[in-house]
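Student: I've just opened this one and don't know my way around yet. Walk me through it, please.

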Amino acid sequence: MKRRSIGALALAAALLVSAVAASAGSSKPDRQSATKIVVWLQNDAESGWKQVVTSTNDAFRAKHGDVEVDVQYQTWGDHLTKLDAALAGGTAPDVVEFGNTETTRYMASKLLQDLTTQTKSFPNSSTWLRALKESCTYNGRLYCVPYYAGARAVIYRKDQYKAAGVKGTPKSLAEFQAAGLKLMKKYGKQRNYSALYFPGRYVWASMPFVYDYGGKIAEKKGGRWQGTLDSPKAVQGLTKLKQIVTSLSRANKTGDEANPQQSLVFSKGRVGSFIGNGWEWPYALDKKVGNPSLAKSMGAYTMPSHTKGKSMPAFLGGSDVAVPVTSKNKSLAYDWIRIFTSTSSMRQLATIGKQIPNTTSLLSVNAKNPQLAPFANASKSSFFVPTAPNWVKVENAKVLQNMLSSIFTGRATVKSAAKRASDQITRILNQPTT
Amino acid sequence: MSTGPGGEAGFPAVTAAAAGSDIRRRRRPLGERVFRVASPYLLLAPAALVIGAVLGYPVYLLTKLSFQQYGLAELVTKKGTWIGVDNYTRIFQDEQFWAVVVRTIVFTAVCVGLTMVFGTLIALLLARLGRFMRLLLTSGLVLVWATPVVVAVNIFRWMVDYEFGVLNWTLTKLHIGDFLNKDWFADPTTGFAVITALIVWGAIPFVAITVYAGLSQVPAELVEAAEIDGARRWQVFKDITFPLLLPIFVILTSLSIIWDFQVFTQVWLLRDGEPEEDYWLMSVYSFVEAFRLGEYGFGAAIAVVMVCFMFVATFVYLRQMIRIGDTR
């Protein structure tokens, strides 16, 4: 009897432990000291343009002597979850990078330092890219500094296109598909070959199809947001996308573009093309992880629209850097940002990272370079996500990823998957902003 | 009857002491009597205090949080708004919640069932093995048990990998079918099969070793007697071994239910930190709502409901456990 009571006690304790475990958050970063600033950047910087970060830190140390810079690279999947926990615990970094779709909620919650009065002290502030500056502005106040922009284009193997009998680059979606089918005919016997490597949860290469056919992710009607992925036009775009992906891609339909890095899969040779950012081109040629011998046979072109001669609207991605209100080293943080977004850093970002720098004064750097032109062109006709403060929750809940993976695996029809995603988007966007 | 292996010696002493105190009670001074009554509680107090501090307080906070509107802004100001039972009403009106509950219950039942069956079978095997093989098998079990969950998940993830997985390769080489580029997670049924395999694999050692320890305490004479009476292996297990080890099975099942009901890491990591809704168990649902959507109050309410479910599920076993104690 007594031992059983002990057993019961142990059982009750185990239950309580599980309750606590269910409420526990993620780990917190190190405590900062006065002689160190902590910077969170996304890992794109690490694989794409690490030199920019290194030279910024060198310049910063030269100026501030004893102050260390601790750059911690984050992944897109969970950096906001970590940030929220760090903000709550008072251990947030001094500088943090946000995707340009993620800022609104943090600006609305007043978690970012208001930079309006010192806008002029940041380099090139009068020539910042308008789209990025808008993503840093809330109710007319400035809360972050534009960092870079990027639009995706098709990166392809010129040699394979030639060998398969594709002349020039496709000028319409139909030609794009026809070219892909030729590649599949020529190389498709290799089991892992994809004419277009397209992992199922690749949101930012999928949504262009929706916008190309005249659809939208969501619209604001009479003060309320309404998910519109189930509109006939959007469904038409998604259906076309499904057709192209099923016929041209053998990538994992429940995987994403970062696991494994698609440019590395490309560098292994069994891929005819993929839709990628500028920085993924040099990454494919990386001596350690990529394949430098592909240098001569790689090319890029802007993804064509279903309307011949036009290009498909590209998602204008990008990043901003901000200082959380909790930072204890704000003036040091501003100074680091000033160096990081200086003209010389931005020039490096354009040449090494192949991204679009934050200022229009440097756009010529990209336009003159034939390797960068397709990406710069893609950004000319672009779309952006709904500007609702809650949009980032749609991203965090992976609504679009889940929709795409159920479409491509055939778990749901295009229509029902789009309807479900649309309803979720409507629900999330109309929740009170928190 | 013995309630489990070992430890029987402690009982007579305790009983004798209790009886002794009965006889002498009237002669003892009041202070000592109070001390005698209070001493068990005094002895329990340190443990109770620690449990209260490290478990009770967080649970209190969790419960408080579940009655509040608590989002990102509140997270920084550290002040929530009291909204009564709104979070709970929202849970019970959420269709998705019920789908998640059913999925979690089925998943738990399958995992616990398989764990208990395979664990017991391996324990029975251990009892019949020679010394060397038993040592080998036990070491294997302990190694499995010692493998950290995250490491185990990564191993399984690689085994079922879409492109390079050894499972797809082996199944194809064995001509069981064409498994090249088979995506195990495209269909939630096969996806959950992988997750279940991982969970059961990790849970078997504890069950097997504990049941084996129990088996070594089953009196050999009883089994022998039954065999002389003509009982078959299965009948010996059903009528002798199983009833004798019932308390052990009850506690193992209860613990397994608790563990499997709150599986999180395995699902989360196998799905790259963004599980599709078809893979949402209660713990995942709570985490997504709280930490991905920044609805900490709502997430806390789900966690509280989850704990209540577990209490209900294990209450039956707790009762039975105490009843076994009363009757025997």
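Tutor: Vocabulary first: helices (H or I, at least four residues) and strands (E, at least two) are DSSP runs, numbered from the N terminus. This is a predicted model, where local features need pLDDT of at least 70, side-chain atom pairs count only at pLDDT 80 or more, and totals for chains, interfaces and linings use all residues. Residues are numbered from 1 along each chain as its sequence is written, and chains are lettered from A and ligands numbered from 1 in the order in which they are written.

Student: OK, chain B. Which loop is N181(B) in?

Tutor: N181(B) sits in the loop between α8 (166-173) and α9 (188-215) of chain B. N181(B) isn't a glycine, yet it has a positive phi of about 55 degrees.

Student: Why bring up the sign of phi?

Tutor: Because most residues other than glycine have a negative phi.

Student: And is N181(B) buried, exposed or partly exposed?

Tutor: It counts as partly exposed, because it has 15 C-beta neighbours inside 10 Å. Buried takes 20 or more other C-beta atoms within 10 Å of the residue's own, exposed takes 12 or fewer, and partly exposed is in between, with C-beta atoms placed from the backbone.

Student: How much of chain B is buried?

Tutor: 31% of its 328 residues. In secondary structure, chain B has 14 helices and two strands.

Student: How is chain B split into domains?

Tutor: Domain 1 is 20-65 and domain 2 is 83-327, with bounds from an automatic or database domain assignment. Their centres, taken over C-alpha atoms, are 36 Å apart.

Student: What about the domains of chain A?

Tutor: There, domain 1 is 36-151 + 317-383 and domain 2 is 153-315 + 386-429. For that pair, 26 Å separate the centres, again over C-alpha atoms.

Student: How many residues are in contact between the two?

Tutor: 26 residues of domain 1 of chain A are in contact with 24 residues of domain 2 of chain A; contact means C-beta atoms, placed from the backbone, within 7 Å. On the domain 1 side, α16(A) gives the largest share, five residues.

Student: What kinds of residues are on that domain 1 side?

Tutor: Nine nonpolar, 13 polar and four charged. Nonpolar covers Ala, Val, Leu, Ile, Met, Phe, Trp, Tyr, Cys and Pro, charged covers Asp, Glu, Lys and Arg, and the others, Gly among them, are polar.

Student: New topic: at what angle do α10 and α19 of chain A pack?

Tutor: Helix α10 (residues 232-248) and helix α19 (residues 414-429) of chain A pack at about 125 degrees, with axes 10 Å apart. Axes are lines fitted to C-alpha atoms, for helices over the stretch in contact, and angles run from 0 to 180 degrees between N-to-C directions. That angle makes α10(A) oblique to α19(A): under 35 degrees is roughly parallel, over 145 roughly antiparallel, 65 to 115 roughly perpendicular, and the rest oblique.

Student: Which residues meet there?

Tutor: A234(A), V235(A), L238(A), T239(A) and K242(A) of α10(A) meet V414(A), K415(A) and A418(A) of α19(A). They divide into five nonpolar, one polar and two charged.

Student: Where in chain A is there a cis peptide bond?

Tutor: Between N259(A) and P260(A), where omega is about -5 degrees. P260(A) lies in the loop between α10 and α11 (262-267) of chain A.

Student: And what is the phi of N139(A)?

Tutor: It is positive, about 50 degrees, although N139(A) is not a glycine. N139(A) is in the loop between β4 (137-138) and β5 (141-142) of chain A, and it is exposed, with 7 other C-beta atoms within 10 Å.
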